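Here are some short exercises to work through with the model open beside you. Try each task before you read its solution.

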Amino acid sequence: MKVFNTLTRQKEEFVPIEEGKVRMYVCGPTVYNLIHIGNARPMIVFDTFRRFLEYIGYEVHYVSNFTDVDDKIIKKAVQEGVDAGEIASRYIEECKKDMEGMNVLPATVHPLATQEIDGMIEMIASLIEKGYAYAASDGTVYYRTRKFADYGKLSHKNLEDLQAGHREIQVTGDLKEDPFDFVLWKPKKEGEPAWDSPWCQGRPGWHIECSVMSKKYLGETIDIHAGGEDLIFPHHENEIAQSEAASGKVFSHYWMHNGFLNINNQKMSKSLNNFFTVREIAEKYDLQVLRFFMLSAHYRSPLNFSEDLMEAAKNGLERILTAAAQLQRFLGAGKAKDMSDKEQALLQESEQFTQKFIRAMEDDCNTADAIAAVFELVKFINTNVSAQNAKTYLQTLYDRLHELCDVLGIIIEQEEEILDADIEQLIAQRQQARKDKDFARADEIRDELAQKGILLKDTREGVVWQRI
Ligand code: AMP
Ligand code: ZN
């Protein structure tokens with residue numbers, strides 16, 4: 001498998017540190033508002049890559065943080081007259097709802113910056129000890145950027161070309177030894193959340209948070225570090241400087257960055273006020289459409305958001321879902337008989353689409369080509385199935401489609417509408433099971449109905465049910 005590594009600006013063969021295992025860290029959102037669909041892009045593309053790694057047999061340790069202490073969170077808390085912690089936990093919950101809607105799997109761990117302060121203090125102290133950091137007279141701790149010889153290796157910039165990034169926390173620039181130095185720890189201002197440290201009561205800089213959370217949950221050297229391309233500089237560059245100076249080891253072997261989601265060819269962002277929240281999109285579309293739209297482009301290409309492209313994604317998704325529904329219907333009526341020679345030959349022929357899909361995904365996660373392979377499979381299904389086919393034949397095709405869509409995080413199962421008569425029949429079976437003292441079976445039937453949204457109530461007049 002090949003991945004494009006920002007470090008070398010080349011597609012490289014992927015070789016994990018440990019065979020069969022991938023340690024991957026994806027920078028998560030700062031939680032001060034509902035996430036916009038630009039923030040959703042890294043979530044969706046790297047979730048898809050993770051799903052693919054799992055599909056080809058890797059055990060993936062996937063860590064994605066929430067930045068829950070930040071100037072923007074504090075500002076919002078002041079505006080609302082509430083605690084910063086309240087803002088962060090509210091928007092973490094909201095973000096998790098959006099992720100679920102987009103079928104983004106929960107990470108193995110979702111660390112919170114505020115829960116990892118001890119580790120940050122420890123890393124900062126070790127950087128000071130090694131001469132890579134210093135505390136200024138006001139208690140701010142800075143990283144001594146020029147001391148890290150490899151600085152700029154990720155962003156491919158010379159120190160001289162660099163300008164301090166907009167995300168940099170600059171409190172007291174005058175106390176820096178050098179304009180390139182960046183903040184590791186900053187003193188508290190009135191009303192801000194703060195923690196004790198050897199330097200002053202204060203809070204960590206943004207970059208040190210990710211270095212520490214990645215180390216704690218994945219180790220000093222990881223396989224893949226990922227995020228949007230705006231994070232290359234200074235965030236990821238600074239993470240490398242901190243982590244590699246502290247450990248003396250390579251921080252991450254591969255760096256993957258997604259391109260921007262644009263609107264009118266301009267980066268979608270809160271500051272430009274040109275964004276749509278995931279919640280807004282959910283009012284108009286199933287979030288599966290948003291997911292499908294994001295995957296229709298290569299993750300490193302810029303992607304322009306437009307109504308037309310969303311409609312195209314909706315239609316494309318519809319074609320897949322229609323084929324799946326058709327297969328499900330035929331399966332319901334399908335014959336339990338041996339496959340014919342022709343069916344066997346067709347199944348063999350259809351294997352090529354899975355192979356194509358895998359090849360595309362192994363080529364730097366090319367979801368656009370992978371989707372093209374799914375469409376080929378859909379076309380094949382549409383021309384080669386009928387209610388006359390053997391069940392095993394239909395089931396195999398369905399499983400194949402299901403498997404590939406599952407890697408993309410697209411759900412093709414359709415909830416079957418359960419008929420009143422079937423409900424009554426199951427209730428009767430449950431009554432009989434109870435009479436027979438087979439309570440396990442009785443509970444099983446109740447749970448099965450609950451899953452289909454049917455609530456049972458035992459009353460003196462008998463069992464009543466309602467759809468919920
Ligand atoms: P933030 O909350 O701004 O730190 O962003 C969280 C993640 O979303 C980071 O990986 C960003 O790079 C990514 N991101 C933010 N805006 C966009 C965008 N318009 N397109 C793609 N990725 C974005
Ligand atoms: Zn980060």
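**Exercise 1. Find which element gives the most to the shell around ligand 1, and describe that shell.**

Solution. Helix α1 gives the most, with three residues. Helices (H or I, at least four residues) and strands (E, at least two) are DSSP runs, numbered from the N terminus. Next, look for elements that supply at least two residues each: these are α1 (37–55) and β9 (222–228). Before going on, a word on the model: it is predicted, so local features need pLDDT of at least 70 and side-chain atom pairs pLDDT 80 or more, while totals for chains, interfaces and linings use all residues. Residues are numbered from 1 along each chain as its sequence is written, chains are lettered from A and ligands numbered from 1 in the order written, and side-chain values use heavy atoms, without hydrogens and water.

Now list the neighbours. There are 19 residues around ligand 1 (a heavy atom within 4 Å counts as near), and Thr30, Gly228, Asp230, Leu261 and Met268 come nearest. Sorted by type, the shell holds seven nonpolar, nine polar and three charged residues. In this sorting, Ala, Val, Leu, Ile, Met, Phe, Trp, Tyr, Cys and Pro are nonpolar, Asp, Glu, Lys and Arg charged, and the others, Gly among them, polar.

**Exercise 2. Work out which atoms of Asn39, Gly228 and Leu261 approach ligand 1.**

Solution. Start with the side chain: a polar atom of Asn39 lies 3.3 Å from a ligand oxygen. Then turn to the backbone, where an N or O atom of Gly228 is 3.0 Å from an oxygen of ligand 1. Finally, a backbone N or O atom of Leu261 sits 2.7 Å from a nitrogen of the ligand. As for cover, the protein hides 93% of the 490 Å² of accessible area that ligand 1 has on its own (Shrake-Rupley method, 1.4 Å probe; for residues, only the protein chains shown count as cover).

**Exercise 3. Identify the donors of the zinc ion (ligand 2) and say why the site links distant parts of the sequence.**

Solution. First, pick out the donors: Cys27 (SG), Cys210 (SG) and His235 (NE2), at 2.0 to 2.2 Å. Donors are N, O and S atoms within 2.8 Å of the metal (3.2 Å for Na, K and Ca); water is not among the atoms, so sites may look incomplete. Second, read their spacing in sequence, which is C-x182-C-x24-H. Third, place two of them: Cys27 is in the loop between β3 (21–26) and α1, and His235 is in helix α6 (residues 232–247), so this pair ties together parts 208 residues apart in sequence. Both Cys27 and His235 are buried (under 20% relative accessible area; exposed is over 50%, partly exposed in between; 1.4 Å probe, protein chains only).

**Exercise 4. Is Glu239 buried or exposed, and what does its side chain contact?**

Solution. Glu239 belongs to helix α6 and is buried, at 0% relative accessible area. Its side chain makes polar contacts with the side chains of His225 (3.1 Å) and His235 (2.8 Å). A polar contact is a pair of N or O atoms within 3.5 Å; within protein, one must be able to donate a hydrogen and the other to accept it, and residues adjacent in sequence count only if both atoms are side-chain atoms. Zooming out, 15 of the 16 residues of α6 are buried, so the helix is largely enclosed by the rest of the structure.
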